[in-house]
Structure formats: C-alpha cells, structure tokens
Amino acid sequence: MIRFSLPDPAHRLSGVRLWQELGLRSVDFMYGAAGWTLAIPKPPVHRMEYLFELRHRDGSVETILDPGNPLRARGIFGPKSVLEFPEYSPPAWLGYPASSGGASVWAPPGVGGDLPLLVVHDGPEYDDLSGLTRYLAAGVAGGWLPPLRAILLHPVDRNADYSANPAYADFLAGQPYRSATVRIGMGTSLGALAMLHAQWSHPELFDALFLQSGSFFQPRYDAHERRFPYYERVVRFVEEVLKGTAVRAVPTAMTCGATEENIHNNRAMAEALRTQGYTVTLRETADTHNYTAWRDAFHPGLTRLLQEVCR
C-alpha cells in the first residue's frame with residue numbers, strides 16, 4: 001500500500017483528493033486524528049507523479065505539492081511530487097560527463113561534416129525537461145550513438161500546427177534541412193502525430209520516426225477529446241492511416257505508458273503501420289504522459305533507431 005498524509009490540525013479544509021493521471025479511483029482522503037490520510041494499492045507503474053487537490057470551506061479548490069515529499073519532477077505545467085518505486089532506476093546516461101549544448105541547433109563539439117539530422121518537435125521543452133541534447137552528447141562521446149545533429153523546433157501555435165495540419169507539413173518539407181542526407185523525425189503527444197503526418201504527406205521528408213505517446217485520436221478511444229478544436233482533423237488523418245497504404249514506409253520506434261490513455265490508439269497505430277511495411281517497435285513503459293517517462297524511454301528505443309539509420 002502507498003500512504004499519503006496532510007496535516008490539518010484546525011480542520012480548515014473540507015476535503016483533500018489525490019490528483020494523478022493513472023485513472024485511479026477512490027482517491028479522496030479521510031480526516032481523522034492524524035489529519036487527512038489516504039492509503040491506496042501500489043499502481044502498476046515504476047514511478048508516479050501527483051499533486052494534492054485541496055477543497056476549502058469557501059468552495060475554492062487549489063492543487064499543491066505534497067509537503068511531506070521532497071522529491072519533485074518538472075513539467076510543462078509546473079512541478080509535481082513524485083514517488084519512485086524500488087523497481088525504478090533512471091537512465092545510466094544521466095551520469096555520463098558530457099556537454100549538453102542547448103541551442104536551437106545542436107551538434108556534438110569537435111565533429112564536422114554532413115551529419116544525420118534529428119528534427120525534434122517541442123525541441124526546447126524536450127531538451128529542458130528530458131535532457132535530450134545531454135543524451136545525444138553522452139551517446140556520441142561514449143560511442144554508443146553515431147555522430148549527428150539535432151534541430152530543436154519551436155512551435156508557434158502548437159495546437160494548430162501539430163494537429164495534422166497540411167500547411168504545417170508543407171512548411172516542414174520546405175525547410176533547408178531537407179538537404180541532410182539522413183533525417184529522423186521525433187515528437188511526443190501531438191508532436192508525434194505531426195511528425196507522422198508530415199512523413200505521410202511528404203514521404204521523402206524523413207528516413208525514420210521516433211514517436212512518443214502519440215495523440216492518434218480515434219472516436220472509440222478518445223471521444224473525451226472532442227473539445228479539442230482540431231479533433232475532427234486529427235481523427236480524419238488517423239483514419240486515413242489506419243485504412244490507407246503508405247507511399248514510403250520508414251523505420252519507426254514508438255513508446256507509450258502502459259497505463260496512459262493514449263496506449264490503445266498507439267497500439268492500433270503501431271499495428272496499422274506494420275501492415276503497411278513500416279518496421280515498428282512499440283515499447284510500453286511503466287509510467288504515464290510526462291517528460292521524465294519520455295526521457296527514460298530514449299534508451300533503448302531511440303538509441304537503436306539512430307544506430308540503425310545513421311550508419
């Protein structure tokens with residue numbers, strides 16, 4: 001069992017709830033002599049990010065970090081408290097001494113020539129929150145990654161651009177990096193969807209894809225996403241891929257948390273791409289939809305993909 005607690009000696013709160021993304025039920029705390037407490041069975045993940053949702057007596061609600069847990073995880077919506085269970089271990093490459101770079105265009109120091117290019121959606125966030133260029137630098141310096149460059153793309157209007165937008169796919173296809181000899185597209189969530197859409201729309205644009213927790217919406221799994229303004233456009237594209245035929249299949253590595261809501265549409269997409277000739281691996285991780293989970297899945301998925309296509 002996992003136990004959470006929050007002191008409230010004056011009983012100023014009307015309720016406390018565990019905020020999490022695992023779909024757990026019965027997450028309301030009970031009040032007693034020890035304050036607000038909750039005990040739940042350990043979920044089927046290796047690490048768990050969470051917050052406390054406080055309900056005040058005036059009806060207002062706020063979310064806070066767990067004051068009794070100093071371990072934090074950074075994310076695009078702010079920090080969260082995190083539990084790391086005994087079976088969790090961070091990637092070994094985090095301990096490697098290597099320069100991380102950090103510019104919008106990254107290349108390993110001291111390496112020149114026409115290098116393969118990794119094109120990354122949400123690039124600055126990937127780098128800041130998942131240590132992407134640190135991983136690349138460690139791999140190149142350690143010899144377990146081939147020399148390569150990375151371009152960290154900044155979204156302008158993320159929802160509009162990354163939602164199977166033909167104009168955005170055309171924009172990517174017209175960029176100067178098209179001249180690189182080997183190009184690998186990388187993205188997470190909507191960014192993964194947009195990379196697949198760009199490669200589907202312009203088959204020669206990418207030679208491989210690395211897609212993490214892709215937002216491959218289907219009505220049977222994702223009806224709750226209908227409020228997303230570009231939902232129908234995404235659904236149409238996904239349906240086209242599921243029932244279509246690829247002009248050019250490329251090696252593709254996918255990752256997704258086994259307990260996150262995107263897992264069903266990722267499984268369906270992986271199977272559809274395989275039937276169209278893509279060489280697809282889908283690694284299901286014991287985590288959810290967050291940048292630490294995506295960081296932890298760089299190896300072996302991205303490592304093997306880069307080794308394969310950047311020979």
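Start by selecting β5 (47-56), α3 (158-161) and α9 (291-296): each of them supplies at least two residues of the lining of the largest pocket. Keep in mind as you go that this is a predicted model.

Now move to the centre of that pocket. Show Glu 21, Ile 76, Phe 77, Ser 189 and His 289 as sticks; these lie nearest the centre, out of 30 lining residues. The space in this largest pocket comes to about 800 Å³. Try colouring the lining by class, and you will get 11 nonpolar, nine polar and 10 charged residues.

Leave Glu 21 on display for the next stop, the cavity. The structure holds one cavity of 30 Å³ or more, and about 30 Å³ of space lies in it. To find the place, add Leu 22, Arg 47, Met 48, Glu 49 and Thr 288 to Glu 21, which completes the lining of the largest cavity. Glu 21 thus appears in this lining and also among the residues nearest the centre of the largest pocket. By class, the cavity lining has three charged, two nonpolar and one polar residue.

Next, go back to α9 and select β15 (280-285) along with it. Here you reach the second largest pocket, to whose lining β15 and α9 each supply at least two residues. Which element gives the most to this lining? It is β15, with three residues. About 340 Å³ of space lies in this second largest pocket. Its lining has 20 residues, and those closest to the centre are Ser 89, Arg 283, Asp 296, Ala 297 and His 299. Coloured by class, the lining of the second largest pocket shows 10 nonpolar, six charged and four polar residues.

For the last stop, turn to helix α4 (residues 166-173). Select Tyr 168, Ala 169, Leu 172 and Ala 173, which are buried. Why do these four sit on the same side of α4? Look down the helix axis: they are on one side because they cover an arc of only 145 degrees around it. To see what covers these buried residues, bring up α3 and α5 (190-201), which are among the covering elements. You have met α3 already, as a contributor to the lining of the largest pocket.

Before you finish, zoom in on the N-terminal end of α4, where Asn 165 forms a cap. Draw a distance from its side-chain oxygen to the backbone nitrogen of Ala 167, and the viewer should give you 2.9 Å.

Methods
Residues numbered from 1 in each chain as written. Predicted model: local features only at pLDDT ≥ 70, side-chain atom pairs only at ≥ 80, totals over all residues. Heavy atoms only, no water. 1 Å grid on protein atoms, 1.4 Å probe; cavity = no way out; pocket = protein on both sides within 12 Å on 5 of 7 lines; lining within 4 Å. Points joined across faces, edges and corners; volume = space filled by probe spheres on them. Nonpolar A, V, L, I, M, F, W, Y, C, P; charged D, E, K, R; others polar. Buried < 20%, exposed > 50% of the residue type's maximum accessible area, 1.4 Å probe, protein only. Arc of directions from axis to C-beta. Contact = heavy atoms within 4.5 Å. Polar contact = N/O pair within 3.5 Å; in protein donor to acceptor, adjacent residues only side chain to side chain.
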